[in-house]
Amino acid sequence: MARPDDMRRLTEHLLEAYNRRAEDVANIRADTAGMLSDCDKARQEMAAEQRERFAEQREHLAEERAKLTADTAAMLTDLGKAHQEMAAEQREHLADYRARLTADTAAMVTDFAAILSELHTQTMETMAAWQEMSAEMQRRRAKVVAPPPPPPKVRVKPPPPPPPPVEVIPDDLTVIKGIGARMEARLNRGGIFTYAQLAQATVEEIREILGPAARLAKVEGWIEQAKELAK
């Protein structure tokens, strides 16, 4: 049977163990509470830091957005100005090209008109030569078929001596519109060498000199041009 001293010591030992456990539990609770408090404090500090960072990020994003908006507006303005300058340059280029095209077309029309005039003149000279040759052939056939009788012998006084020849410097009659090289040769054969001689001649005289080719010639216009050139 246990003795009272042993029971007392056992009881004290149990009480001491209980107190130590209670103290340990209290220390664990205190440590846990402190740890929880530190965690909550750290969480709050972290949350505050995150909110501050988010605020800075929002401010930075707002600045970037404003800058991007301004850059976009400036780029659109520059693009509009560049488009207007390009359009103005294109209009100027088209106007220059149109002016050159108009000038080239006018020159081409002028050259074509000159070619047509030359072709008309050559055609007139060819037709006149053909008519002259046809008339000559008809005269030759008429001489072969029925030669004219010889003229009667008539005693005629000899003509007076011709006046001394006057030196004439010929003019370029082809300058006159409608007169080509062949027409000039016919006029020379008829005694027309200068603008003054052509201006003083009558329409009938010129037509008589030209013969069949006179039908295609604008003799009145030749005389008017010769009068202007002879001044």
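Let's start with arginine 186, which has a relative accessibility of 6% and therefore counts as buried, since the cut-off for buried is under 20%. Keep in mind as we go that this is a predicted model.

So where is this arginine? Arginine 186 sits in helix α2. And which residues does it touch? Leaving aside residues up to four places away in sequence, arginine 186 is in contact with Glu125, Ala128, Ala129, Glu132, Ile209, Leu210 and Ala213.

Now let's look at the rest of α2. Along with Arg186, the buried residues of this helix are Met183, Glu184 and Leu187. If you look down the axis of α2, these buried residues fall within an arc of 160 degrees, so they line one face of the helix. Here is a handy rule for anyone new to helices: an α-helix has 3.6 residues a turn, so residues three or four places apart point the same way. What about the face of α2 turned away from the buried side? There you'll find Ala181 and Arg189, and both are exposed. After α2 comes glycine 191, with a positive phi near 95 degrees.

Next, please find helix α4 on your screen. Helix α2 covers residues 181–189 and α4 covers residues 203–210; the two pack at an angle of about 105 degrees, and their axes are 9 Å apart. The pair is therefore roughly perpendicular. On the α2 side, the contact is made by Met183, Arg186 and Leu187, while α4 brings Ile206, Ile209 and Leu210. What kinds of residues are these? Five are nonpolar, none is polar and one is charged. Our friend Arg186 is part of that contact.

Let's move along to helix α5, residues 219–229. Which of its residues are buried? They are Val219, Trp222, Ile223 and Ala226. These residues cover an arc of only 95 degrees around the axis, which puts them on the same side of α5. And what covers them? The cover includes α2, α3, at residues 195–200, and α4. So α2, where we began, is part of the cover over α5 too.

Finally, let's step back to the whole chain. The secondary structure comes to five helices and zero strands, and reading along the sequence gives the pattern α-α-α-α-α. How much of the chain is buried? Of its 231 residues, 13% count as buried. The accessible surface comes to about 19,400 Å², and 61% of that belongs to carbon and sulfur atoms. One last number, on contacts: among those between residues at least 6 apart in sequence, 55% join residues at least 24 apart.

Thanks for listening, everyone!

Note on methods:
Residues numbered from 1 in each chain as written. Predicted model: local features only at pLDDT ≥ 70, side-chain atom pairs only at ≥ 80, totals over all residues. Heavy atoms only, no water. Axes fitted to C-alpha atoms, helices over the stretch in contact; angles between N-to-C directions. Helix = DSSP H or I, 4+ residues; strand = E, 2+ residues; numbered from the N terminus. Parallel < 35°, antiparallel > 145°, perpendicular 65-115°, else oblique. Contact = heavy atoms within 4.5 Å. Nonpolar A, V, L, I, M, F, W, Y, C, P; charged D, E, K, R; others polar. Buried < 20%, exposed > 50% of the residue type's maximum accessible area, 1.4 Å probe, protein only. Areas by Shrake-Rupley, 256 points an atom, 1.4 Å probe, with all protein chains shown as cover. Arc of directions from axis to C-beta.
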